[in-house]
Amino acid sequence: MATLLYTHPACLAHDTGPGHPERPARLQAVLAALDDPEFAALQRREAPLASTEDLMLAHPARHVQAVMSAIPQDGLSMLDGDTLVSPGSREAALRAAGAVVAAVDAVVGGAASNAFCAVRPPGHHAEPDRAMGFCLFNNVVVGARRAQQAHGLSRIAIVDFDVHHGNGTETQALADQRLFYASTHQSPLYPGTGMGNDPGHPNVINVPLPPRAGSPEFRAAMIDGVLPALRAFKPELVIISAGFDAHRDDPLAELRLTEADYAWATEELLAVARDCAGGRLVSALEGGYNLEALARSAAAHVRALMAA
Ligand SMILES: [Zn+2]
C-alpha cells in the first residue's frame, strides 16, 4: 500500500526570527529532497487545519487559548526563551497538528499503510499546559489521542529518535498506560529530562546516550531497550517523533548518527508495526538543524517507509 505525505505551505510561514535554528528553510530542504523522482509514488496530501477540539485531545482549553492569544498581529512574540511566534504561526501550528490527525485517520482507516507528516512547528517538547523548546502543540500526542477516541484503538506507541528528550510526550504517557513512549536522546542536553526509567511505568522507556555516541550505541539502545519494550506493549498503531538532529552533522547536539541509521531504525519500527499493528505507522517531523543532513535523513526515512 501507499505511503502518504502530508504537508502545507502554511508551515513555511511560521517565522521564528533571524538566526533561529527552527527556520522555514528546514521544511523547504525536506520538501526539496522529496521532490526527487524516486519519491514520485508518494501520495501527497494537503495537511488540514486541526480543530480546537483536536488540540484539546492533548491540551487543556486554557493552553490552546493562551497560545492563540500570544500570536502577534505583526512582528514576533516569545512564548519562552526559545519559542517565538509570528502572525503565520497560528495556521502553521494548526496544519502541523492537523497533518498528524489526518494521517492517523487515513492509516487507521486503511487508505494507506503509513504516512510522513513534513510539518513545523515541531511538537514533542510541548507540555499539556506549556509551549516550550520550539513546540506549541504536541502534534504526535494529538494524533495518538485521535486514534484512541475516534477509532477506538487502545494501545498507541510513540517512538522518538530526536536527539532531545520529548518531555511533553513523556508527561502524557506517564499519566496514561494506554500510551507507550520510548526515546533515545543525548544526555546531558536540553531539556534535561529522560535520564532514566521508573519501574512503575513500564510504558515509558528512556535510553539516554552520552555525547559523541554514534551508530553502535544507538542501534544497541534500540535493540536492547526500545524494540523489546515496544513489542511487549503490542501497539495497535506506531507513531514516530522523527527528529533528525542526532545526525553527526547537526549543530545543536553531539551524537553521530548517519542517514543509514535512520533508514535502519525506520525499518525496525516498520517491522514491529507489521507484526503488531497491521503495518500501521505514522511519522511526524520534529527537529534536525543541518539542512543537508536533515534533507538526506528525511529522504532515507521516507524511502524506508515507501519500501514497507
Ligand atoms: Zn531535537
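Rings of Phe, Tyr and Trp, taking the six-membered ring for Trp, are counted as a pair if their centres lie within 6.5 Å. By this rule the model, which is a predicted one, has 6 aromatic pairs. Let's start the tour with two of them.

**Stop 1: an aromatic pair between two loops**

Select Phe161 and Phe244 and show their side chains. The ring centres are 5.8 Å apart and the planes meet at 55°, so this pair counts as tilted. Now colour by secondary structure and see where each ring sits. Phe161 lies in the loop between strand 6 (156-160) and helix 6 (167-174), while Phe244 is in the loop between strand 9 (237-242) and helix 8 (259-276), so the contact ties together parts that are 83 residues apart in sequence. Turn on a surface and look for the two rings: both Phe161 and Phe244 are buried. Then add Tyr262 to your selection, since Phe161, Phe244 and Tyr262 form one aromatic cluster.

**Stop 2: an aromatic pair between two helices**

Next, pick Phe218 and Trp264. Are their planes stacked or edge-to-face? With centres 6.3 Å apart and planes at 75°, the pair is edge-to-face, because planes over 60 degrees apart fall in that class. Phe218 belongs to helix 7 (residues 215-233) and Trp264 to helix 8, so to speak two distant parts of the chain, 46 residues apart. Phe218 has a relative accessibility of 1% and counts as buried. Trp264 is buried too, with a relative accessible area of 13%.

**Stop 3: the zinc ion**

Now centre the view on the zinc ion and display Asp162, His164 and Asp245. Which atoms coordinate the zinc ion? Asp162 appears twice with OD atoms, and His164 (ND1) and Asp245 (OD) complete the list, at 2.0 to 2.8 Å. If you draw the angles, the 4 donor atoms subtend 52 to 154° around the zinc ion, which makes the arrangement irregular. A tetrahedral label would need all angles between 85 and 135 degrees.

Along the sequence, the donor residues follow the spacing D-x1-H-x80-D. His164 is in the loop between strand 6 and helix 6, and Asp245 is in the loop between strand 9 and helix 8, 81 residues apart, which links distant parts of the chain. Both of these donors can be checked for burial. His164 is buried at a relative accessible area of 8%, and Asp245 is buried at 0%.

**Stop 4: two helix crossings**

Hide the side chains and switch to a cartoon. Two packed helices are described by the angle between their axes and the distance between the axes.

- Select helix 4 (residues 89-108) and helix 5 (residues 139-151): their axes come within 8 Å and cross at roughly 40°. Helix 4 and helix 5 are therefore oblique to each other, and their crossing is right-handed.
- Move on to helix 1 (residues 24-33) and helix 9 (residues 291-307), which pack at about 45° with their axes 8 Å apart. That angle makes helix 1 oblique to helix 9, and this crossing is right-handed.

From helix 1, step into the loop that runs between helix 1 and strand 2 (43-46), where you will find Asp35. Is Asp35 buried or exposed? Its relative accessibility is 59%, so Asp35 counts as exposed. Draw a distance from the C-alpha atom of Asp35 to that of Ala299 and you should read 9.9 Å, although the two are 264 residues apart along the chain.

**Stop 5: the loop between strand 7 and strand 8**

Zoom to Pro191, which is found in the loop between strand 7 and strand 8. The peptide bond joining Tyr190 and Pro191 is cis, with omega about 5°. Gly196 is in the loop between strand 7 (179-186) and strand 8 (204-209). With a relative accessible area of 36%, Gly196 is partly exposed. The C-alpha atoms of Gly196 and Val207 are separated by 7.0 Å, with their positions 11 residues apart along the chain.

**Stop 6: backbone details**

Finish with a few torsions.

- Arg120 to Pro121 is a cis peptide bond with omega near 0°, and Pro121 sits in the loop between strand 5 (114-117) and helix 5.
- Phe134 lies in the loop between strand 5 and helix 5. Phi of Phe134 is near 75°, a positive value in a residue other than glycine, and Phe134 is buried, with a relative accessible area of 15%.
- Lys234, in the loop between helix 7 and strand 9, has a positive phi of about 55° although it is not a glycine.

Terms used. Residues are numbered from 1 along each chain as its sequence is written. This is a predicted model: local features need pLDDT of at least 70, side-chain atom pairs count only at pLDDT 80 or more; totals for chains, interfaces and linings use all residues. Side-chain values use heavy atoms; hydrogens and water are left out. Rings of Phe, Tyr and Trp (its six-membered ring) pair if their centres lie within 6.5 Å; planes under 30 degrees apart count as stacked, over 60 as edge-to-face and the rest as tilted. Helices (H or I, at least four residues) and strands (E, at least two) are DSSP runs, numbered from the N terminus. Buried means under 20% relative accessible area, exposed over 50%, partly exposed in between (1.4 Å probe, protein chains only). Donors are N, O and S atoms within 2.8 Å of the metal (3.2 Å for Na, K and Ca); water is not among the atoms, so sites may look incomplete. Four donors count as tetrahedral if all angles lie between 85 and 135 degrees; four count as square planar and six as octahedral if opposite donors are over 155 degrees apart and all others between 65 and 115; anything else is irregular. Axes are lines fitted to C-alpha atoms, for helices over the stretch in contact, and angles run from 0 to 180 degrees between N-to-C directions. Angles under 35 degrees count as roughly parallel, over 145 as roughly antiparallel, 65 to 115 as roughly perpendicular and the rest as oblique. A crossing is left-handed if the near helix is turned anticlockwise from the far one by less than a right angle, and right-handed if clockwise.
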